[in-house]
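Please walk me through this structure, one feature at a time.

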Amino acid sequence: MLILSRKVDEKIKIGEDITITLIEVRGDQVKIGVEAPKNVKVFRQEVFDAIQTENREAAANSQTLEALSKFLGGN
């Protein structure tokens, strides 16, 4: 993990297309801005984790439905 110190309005570049800007520091909260191409998805970690959990559950349900359909003679 790379750890960097930045002041308000300073930026971090990731590759050529992604820029992280430190917007504000207030107490224990930090506001950052992320500039990235539209094809790059940017999520907070807790949202990303929730999406991954829902995707796994949906895949498991899909496999269960597929097996049940085959059991019942469906195609």
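The dialogue below covers the sheet, one residue in it, and an aromatic pair.

Q: What kind of model is this, and how are residues numbered?
A: It is a predicted model, in which local features need pLDDT of at least 70 and side-chain atom pairs pLDDT 80 or more, while totals for chains, interfaces and linings use all residues. Residues are numbered from 1 along each chain as its sequence is written, and side-chain values use heavy atoms, without hydrogens and water.

Q: What is the strand order in the sheet?
A: Strands of a sheet pair through backbone hydrogen bonds, parallel or antiparallel. Here an open sheet of three strands runs β1-β2-β3 with antiparallel pairing. Strands are DSSP runs of E with at least two residues, numbered from the N terminus, and two of them pair if DSSP finds at least two bridges between them. β1 (11-14) and β3 (29-35) each have a single partner strand, so one side of each lacks a neighbour in the sheet. Four bridges join β1 to β2, and K11 has T21 as its bridge partner in β2.

Q: Is T19 buried or exposed?
A: Buried means under 20% relative accessible area, exposed over 50%, and partly exposed in between (1.4 Å probe, protein chains only). T19, in strand β2 (residues 18-26), is buried at 10%.

Q: How are the rings of F43 and F48 placed?
A: A pair of aromatic rings is described by the distance of the centres and the angle of the planes. Rings of Phe, Tyr and Trp (its six-membered ring) pair if their centres lie within 6.5 Å; planes under 30 degrees apart are stacked, over 60 edge-to-face, and the rest tilted. This structure holds one aromatic pair. The ring centres of F43 and F48 are 6.4 Å apart with planes at 45°, so the pair is tilted.
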